[in-house]
Amino acid sequence: MPNNKNVVNKGHENIKSFMTVLDNHLLDKTYLVGESVTLADLTLAVYMRDLYSMILDEGRRNSFVNVTRWFTTIINQDEVLRILGPTSLCEKPAQFDAKLFQQNNPKPQKNAPKKKKVPTATLR
């Protein structure tokens, strides 16, 4: 799968749209639902952990201060830290590396010998 800049840009637009809605929701709330940590907070925070670790650098995090406040509140709960350990926030966003991608995903050879199909026994 080649690095398609349009797909990457669309992904960033989707993230921005999602984060904007969530940021507005958390404008006057500490938690997603209610007045204490719920399963909704835990589930979404764990789901967003890679986003905060690999994509959202400080500049992008500063665009969504309410979400970042909420995320750091949830991810630093004692119970969460005990299970997941500390979460490092992204300093430099992950970038596509075509050379590394090719090493990890070699193209199959076109002239590779085909395996013969072994007939399977049928039950009567």
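## A walk through a helical protein

Let us start at one residue, Leu22. Setting aside neighbours within four places in sequence, Leu22 is in contact with Leu32, Leu44, Met48 and Val67. Keep in mind as you look that this is a predicted model.

Leu22 is a good doorway to the inside of the protein. The largest nonpolar core has 18 residues, and Leu22 is among those with the most contacts inside it, together with Met19, Met48, Tyr52, Val67, Trp70 and Phe71. Helices H1, H2 and H4 each supply at least two residues of this core. Two of the names that Leu22 touches, Met48 and Val67, therefore return in that list of well-connected core residues, where each is buried because a core of this kind is a set of buried residues.

Now step back and look at the whole chain. The protein contains 6 helices and 0 strands, so from the N terminus on you can read its elements as α-α-α-α-α-α. It has 124 residues, and 23% of them count as buried. Its accessible surface comes to about 10200 Å², with 56% of that belonging to carbon and sulfur atoms. How do contacts reach along the chain? Among those between residues at least 6 apart in sequence, 74% join residues at least 24 apart.

Next, follow helix H2, which covers residues 39–55. Its 17 residues reach 24 Å from the first C-alpha to the last, close to the 24 Å expected at 1.5 Å a residue. Where is H2 kinked? The kink, of about 40 degrees, is centred on Met48. You have met Met48 already, as a contact of Leu22. Met48 is also one of the buried residues of H2, along with Asp41, Leu44, Ala45, Leu51 and Tyr52. What do these buried residues pack against? Their partners are helix H1 (5–25), helix H3 (58–61) and helix H4 (65–75).

Helix H4 gives us the view from the other side. Its buried residues are Asn66, Val67, Thr68, Trp70, Phe71, Ile74 and Ile75, and what covers them includes H1, H2, H3 and helix H5 (78–84). Thr73 also sits in helix H4. Is Thr73 buried or partly exposed? At 27% relative accessibility, Thr73 counts as partly exposed, because buried means under 20%. Thr73 and Ala45 of H2 are 28 residues apart in sequence, and their C-alpha atoms are 9.6 Å apart in space.

Asn66 is another residue of helix H4. With 12% relative accessibility, Asn66 counts as buried, because the value falls under 20%. Leaving out residues up to four places away in sequence, Asn66 touches Asp23, Leu26 and Leu27. The C-alpha atom of Asn66 is separated by 8.6 Å from that of Asp28, although the two residues are 38 apart along the chain.

That brings us to Asp28, which lies in the loop between H1 and H2. Is Asp28 buried or exposed? Asp28 is exposed, because its relative accessible area of 65% is over 50%. Side chains of opposite charge can pair when their charged atoms come close. Here the side chains of Asp28 and Lys29 meet in a salt bridge, with 3.5 Å from N to O. That distance passes the test because a salt bridge calls for the nitrogen and oxygen to be within 4 Å. Lys29 is partly exposed, with a relative accessible area of 33%. How many salt bridges are there by this rule? The count comes to 1.

Definitions and conventions:
Residues are numbered from 1 along each chain as its sequence is written. This is a predicted model: local features need pLDDT of at least 70, side-chain atom pairs count only at pLDDT 80 or more; totals for chains, interfaces and linings use all residues. Side-chain values use heavy atoms; hydrogens and water are left out. Helices (H or I, at least four residues) and strands (E, at least two) are DSSP runs, numbered from the N terminus. The expected span of a helix is 1.5 Å times one less than its number of residues. The bend at a residue is the angle between axes fitted to the seven residues ending there and the seven starting there. Buried means under 20% relative accessible area, exposed over 50%, partly exposed in between (1.4 Å probe, protein chains only). Contact means heavy atoms within 4.5 Å. Accessible areas come from the Shrake-Rupley method with a 1.4 Å probe; for residues, only the protein chains shown count as cover. A nonpolar core is a set of buried Ala, Val, Leu, Ile, Met, Phe, Trp, Tyr and Cys residues joined through side-chain atoms within 4.5 Å.
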